[in-house]
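Dear colleague,

I am passing a structure on to you, and I would be glad if you looked through it before reading my notes underneath.

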Amino acid sequence: MTDKMLKFVDVSKQTPNKRNVEKRLDDFREIYDQFINEKAKEQSSRCSQCGVPFCQVHCPLHNNIPDWLKLTAEGRLQEASELAHSTNNMPEVCGRICPQDRLCEGNCVIEQSGHGTVTIGSVEKYITDTAWDKGWIKPIKITKEQNESVGVIGAGPAGLACAEELRKEGYKITVYDRYDRAGGLLIYGIPNFKLEKFVVERRINLLKESGIKFQQNIEIGKNFTLEELKEKHDAILIATGVYKPREINLPGHNLKNIFPAMEFLTASNRKGLGDKVKNFDNGILNAENKNIVVIGGGDTAMDCVRTAVRQNANSVKCLYRRDRENMPGSTREVYNAEEEGVKFIWLSNPKKFIGSEKVSSVIVEKMKLDKIDSSGRKIPVSIPNSNFEIKADLVIKALGFDPEDLPKLFNNSELVVSKWGTIKINLKSMETSIPGIFAAGDIVRGASLVVWAIRDGRDAAVEIKKYLEQKKINKTKAA
Ligand SMILES: Cc1cc2nc3c(=O)[nH]c(=O)nc-3n(C[C@H](O)[C@H](O)[C@H](O)COP(=O)(O)OP(=O)(O)OC[C@H]3O[C@@H](n4cnc5c(N)ncnc54)[C@H](O)[C@@H]3O)c2cc1C
Ligand code: SF4
């Protein structure tokens with residue numbers, strides 16, 4: 001035990017009064033910081049600097065992981081933070097919520113050799129959180145203001161990363177978003193227990209302090225047409241994400257208390273942010289003391305079950321038509337959910353919702369896995385006469401998201417979309433079918449990850465800069 005720890009124990013024996021409690025808290029924070037600091041150093045020094053940085057290759061941002069691990073091991077945290085920021089606009093966000101087991105950490109050479117990965121995500125979070133605490137992260141200083149302006153539709157990670165990169169170049173940026181807060185799914189989708197909201201808000205504030213303008217509660221297609229926006233700006237980025245929930249039209253689907261995942265998660269996130277939420281305050285979207293059934297096997301379903309646990313649900317069950325091995329959600333998330341008491345009913349498919357006015361139970365049929373389909377996954381088929389019933393006071397549908405009909409929403413048939421409704425872009429220039437309008441993030445890829453949205457936003461910024469420079473050259477030539 002260290003001297004500090006002994007001191008901590010001594011303090012704990014004193015009569016608790018405010019001064020003692022505060023002192024204990026200060027001591028605890030100091031010990032905790034020291035512990036985290038040592039842990040981060042210890043983990044960083046485990047990096048073998050193997051010279052074949054598979055971690056870096058498998059990080060969508062190609063973060064310079066071995067170098068910032070080395071700097072952290074040497075205690076050079078400010079340099080580590082600068083390096084982390086040179087490739088990533090939100091390292092503390094990615095450190096918290098990237099599925100590292102599928103990306104950097106899953107490809108760590110030490111992990112591959114059976115000795116357990118270097119905890120890259122945690123170190124990335126630690127470096128950046130420390131940088132924020134120490135005041136090393138500062139608003140952008142513009143060396144030369146440009147005359148051109150860019151309008152960004154959507155304040156999610158793709159839009160924000162693009163806005164920041166272009167602002168660094170001195171362009172005037174306005175970000176439009178239909179929500180009342182910026183952040184996209186970082187603010188209203190991903191739960192607070194995975195990504196604390198202050199982490200998102202301090203990034204947004206930094207962007208505001210850097211001169212980026214935000215126009216909230218502005219829906220393109222409703223408050224402005226795409227054409228009007230194009231008139232206002234020299235280039236546009238569409239980064240609107242994918243929000244249309246996939247439906248499940250079973251008998252009884254119109255019963256009350258059956259909700260799409262985003263409604264449940266947004267209500268919970270809004271409550272956490274201190275908002276009044278009618279359907280939460282009146283108990284409808286609050287899982288407390290209820291039997292919850294979540295349908296789906298992806299990460300959104302995992303967020304729903306774990307949110308329901310935190311709201312003190314009576315029971316939480318997750319129905320998924322394939323088995324554990326074939327589940328799209330992260331293994332780590334399933335493990336976490338199981339540890340928290342969630343019951344997974346593998347190979348199960350809802351058939352019917354039962355209830356008089358509100359849902360009271362779900363009829364479920366058992367499934368088995370059959371032949372492999374064209375995507376390489378086994379097809380689930382129902383087992384005849386295998387139905388069973390489970391109690392449900394609240395059913396949450398988490399079956400994934402599709403893009404909204406953007407050409408219709410924007411009233412612009414020139415905007416070409418794929419057969420899935422995602423925006424088609426020139427993969428090199430990131431330009432859509434309309435010159436000067438670019439697109440990035442989930443609205444191009446389909447539902448994906450934050451780290452990919454950041455990558456796309458950064459790439460789009462490079463291409464928009466090229467476009468604006470070329471436009472300037474053409475203008476000068478024509479004059
Ligand atoms: C519940 C949930 C949990 C997730 N968890 C994780 C996770 O743990 N890790 C991870 O990496 N990824 C996770 N993801 C995925 C990740 O959040 C997305 O891939 C990412 O946010 C996509 O970024 P984006 O900028 O493309 O879109 P979004 O984040 O969706 O942002 C789009 C923004 O555009 C705005 N908008 C849309 N239409 C208009 C319009 N017409 N006019 C104005 N504004 C508009 C929206 O209001 C929104 O703010 C999760 C997704 C969900 C749904
Ligand atoms: S951004 Fe994500 S994938 Fe890349 S190093 Fe960080 S945690 Fe790993």
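What follows goes from the whole chain to one helix and then to two loop residues.

Please keep in mind throughout that this is a predicted model. The chain contains 19 helices and 16 strands, and its C-alpha atoms fill a box of roughly 75 × 70 × 50 Å when this is taken along the principal axes. A compact globule of 479 residues would have a radius of gyration near 23 Å, and the chain, with 25 Å, agrees with that. Of the 479 residues, 51% are buried, while the accessible surface comes to about 23800 Å², with 50% of it belonging to carbon and sulfur atoms. Among the contacts with a separation of 6 or more, 68% are made by residues 24 or more positions apart. As for charge, the chain has 73 positive and 64 negative charges, and the mean positions of these two groups are 2 Å apart.

The helix I looked at is H8, which covers residues 120-134. From its first C-alpha to its last, H8 reaches 21 Å over 15 residues, close to the 21 Å expected at 1.5 Å a residue. Because 11 of its 15 residues are buried, H8 is largely enclosed by the rest of the structure; the buried residues include Ile120, Tyr126, Ile127 and Trp132, and Glu124 and Asp129 are also among them. Just after H8 comes glycine 135, which takes a positive phi of about 75°.

Two loop residues complete these notes. Leucine 399 lies in the loop between strand E14 (394-397) and strand E15 (401-402), and because its relative accessibility is 31%, leucine 399 counts as partly exposed. Leaving out residues up to four places away in sequence, leucine 399 touches Arg246, Glu247, Ile248 and Ile295. Its C-alpha atom is separated by 7.8 Å from that of alanine 301, although the two residues are 98 residues apart along the chain.

Histidine 253, in turn, is found in the loop between strand E5 (244-245) and strand E6 (258-260), and with a relative accessible area of 31% histidine 253 is partly exposed. When neighbours within four places in sequence are set aside, histidine 253 is in contact with Ile248, Ile258 and Phe353. Between the C-alpha atoms of histidine 253 and valine 395, which are 142 residues apart along the chain, the separation is 10.0 Å. Ile248 thus appears both among the residues touched by leucine 399 and among the contacts of histidine 253.

With kind regards

Note on methods
Residues numbered from 1 in each chain as written. Chains lettered and ligands numbered in written order. Predicted model: local features only at pLDDT ≥ 70, side-chain atom pairs only at ≥ 80, totals over all residues. Heavy atoms only, no water. Helix = DSSP H or I, 4+ residues; strand = E, 2+ residues; numbered from the N terminus. Rg over C-alpha atoms; globule rule 2.2 N^0.38 Å. Buried < 20%, exposed > 50% of the residue type's maximum accessible area, 1.4 Å probe, protein only. Contact = heavy atoms within 4.5 Å. Areas by Shrake-Rupley, 256 points an atom, 1.4 Å probe, with all protein chains shown as cover. Lys, Arg positive; Asp, Glu negative; His and termini not counted. Charge placed at Lys NZ, Arg CZ, Asp CG, Glu CD. Expected span 1.5 Å × (residues − 1).
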